[in-house]
Amino acid sequence: MRKEQVLSRMREECLIAVIRAKNPEQVIAGGIHFIEITMTMDEGNPVEFISAMAAKYRKDDRIVIGAGTVLDPETARAVILAGANYVVSPGLNL
């Protein structure tokens with residue numbers, strides 16, 4: 001999904017589910033189309049979690065997978081390669 005499409009969909013949906021689950025099986029979209037996996041999960045590997053979620057919803061263009069609390073460029077690259085459609089950082093350090 002292109003950046004412009006993600007931003008347009010965010011404006012339409014106005015709701016993002018931020019997930020701190022232990023594994024992908026715990027996530028239930030329940031009608032929410034934006035699912036953000038935070039890098040501050042207590043257990044498990046959030047990059048693998050994003051990869052599993054992206055694979056699970058690959059054919060469902062309603063679901064948008066994002067990564068939250070991304071603190072460095074290396075993590076941003078890893079989550080994008082894993083299938084994240086957007087990345088959120090708590091700050092910007094040019």
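With which side chain does the side chain of Thr-38 make a polar contact? I shall begin with that question and then move outward to the rest of the chain. Please keep in mind throughout that this is a predicted model.

The partner is Thr-69: the two side chains are joined by a polar contact of 3.1 Å. Thr-38 itself sits in strand β2, which covers residues 34–38. With a relative accessible area of 1%, Thr-38 is buried. A second polar contact, at 2.8 Å, links the side chain of Thr-38 to that of Thr-40. Thr-69, for its part, belongs to the loop between β3 and α3. Its relative accessible area is 26%, so Thr-69 is classed as partly exposed. The backbone of Thr-69 also deserves a remark, since its phi is near 55 degrees, a positive value in a residue other than glycine.

Let me now place these residues in the overall arrangement. The protein chain contains three helices and four strands. Read from the N terminus, the order of elements is α-β-β-α-β-α-β. Of the 94 residues in the chain, 37% are buried. If one takes the contacts between residues at least 6 apart in sequence, 48% of them join residues at least 24 apart.

I turn next to the helix pair α2 and α3. In general, two packed helices are described by the angle between their axes and the distance between the axes. Here, helix α2, residues 46–56, and helix α3, residues 73–82, pack at an angle of about 25 degrees, and their axes are 8 Å apart. Angles under 35 degrees count as roughly parallel, and α2 is therefore roughly parallel to α3. The crossing of α2 past α3 is right-handed. Which residues make the contact? On the α2 side they are Val-47, Ile-50, Ser-51 and Ala-54, and on the α3 side Ala-78, Val-79 and Ala-82. Sorted by class, this contact of α2 with α3 comprises six nonpolar residues, one polar residue and no charged residues.

My next residue is Arg-9, in helix α1, which spans residues 3–13. Is Arg-9 buried or exposed? Its relative accessibility is 15%, and Arg-9 therefore counts as buried. A polar atom of the Arg-9 side chain lies 2.9 Å from the backbone oxygen of Asp-61. Beyond its neighbours within four places in sequence, Arg-9 is in contact with Met-1, His-33, Phe-34, Asp-61, Arg-62 and Val-64.

One of those partners, His-33, leads to the next part of the picture. His-33 is located in the loop between β1, residues 17–19, and β2. Not counting residues up to four places away in sequence, His-33 touches Arg-9, Glu-13, Arg-62, Ile-63 and Val-64. Asp-61 lies 28 residues from His-33 along the chain, and their C-alpha atoms are separated by 9.2 Å. Both His-33 and Asp-61 are thus listed among the residues in contact with Arg-9.

Ile-63, which His-33 touches, is placed in the loop between α2 and β3, the latter being residues 64–68. Ile-63 has a relative accessible area of 8% and is therefore buried. How far apart are the C-alpha atoms of Ile-63 and Ile-35? They are separated by 7.4 Å, although the two residues are 28 apart along the chain.

The loop between α2 and β3 also holds Arg-58. In contrast to Ile-63, which is buried, Arg-58 counts as exposed, at 63% relative accessibility. Arg-58 and Gly-83 are 25 residues apart in sequence, and the distance between their C-alpha atoms is 9.0 Å.

To close, I return to three points. The side chain of the buried Thr-38 makes polar contacts with those of Thr-40 and Thr-69. Helices α2 and α3 pack at about 25 degrees, with a right-handed crossing. Finally, the buried Arg-9 has a side-chain polar atom 2.9 Å from the backbone oxygen of Asp-61, and Arg-9 is also in contact with residues including His-33 and Val-64.

Methods. Residues are numbered from 1 along each chain as its sequence is written. This is a predicted model: local features need pLDDT of at least 70, side-chain atom pairs count only at pLDDT 80 or more; totals for chains, interfaces and linings use all residues. Side-chain values use heavy atoms; hydrogens and water are left out. Axes are lines fitted to C-alpha atoms, for helices over the stretch in contact, and angles run from 0 to 180 degrees between N-to-C directions. Helices (H or I, at least four residues) and strands (E, at least two) are DSSP runs, numbered from the N terminus. Angles under 35 degrees count as roughly parallel, over 145 as roughly antiparallel, 65 to 115 as roughly perpendicular and the rest as oblique. A crossing is left-handed if the near helix is turned anticlockwise from the far one by less than a right angle, and right-handed if clockwise. Contact means heavy atoms within 4.5 Å. Ala, Val, Leu, Ile, Met, Phe, Trp, Tyr, Cys and Pro count as nonpolar, Asp, Glu, Lys and Arg as charged, and the others, Gly among them, as polar. Buried means under 20% relative accessible area, exposed over 50%, partly exposed in between (1.4 Å probe, protein chains only). A polar contact is a pair of N or O atoms within 3.5 Å; within protein, one must be able to donate a hydrogen and the other to accept it, and residues adjacent in sequence count only if both atoms are side-chain atoms.
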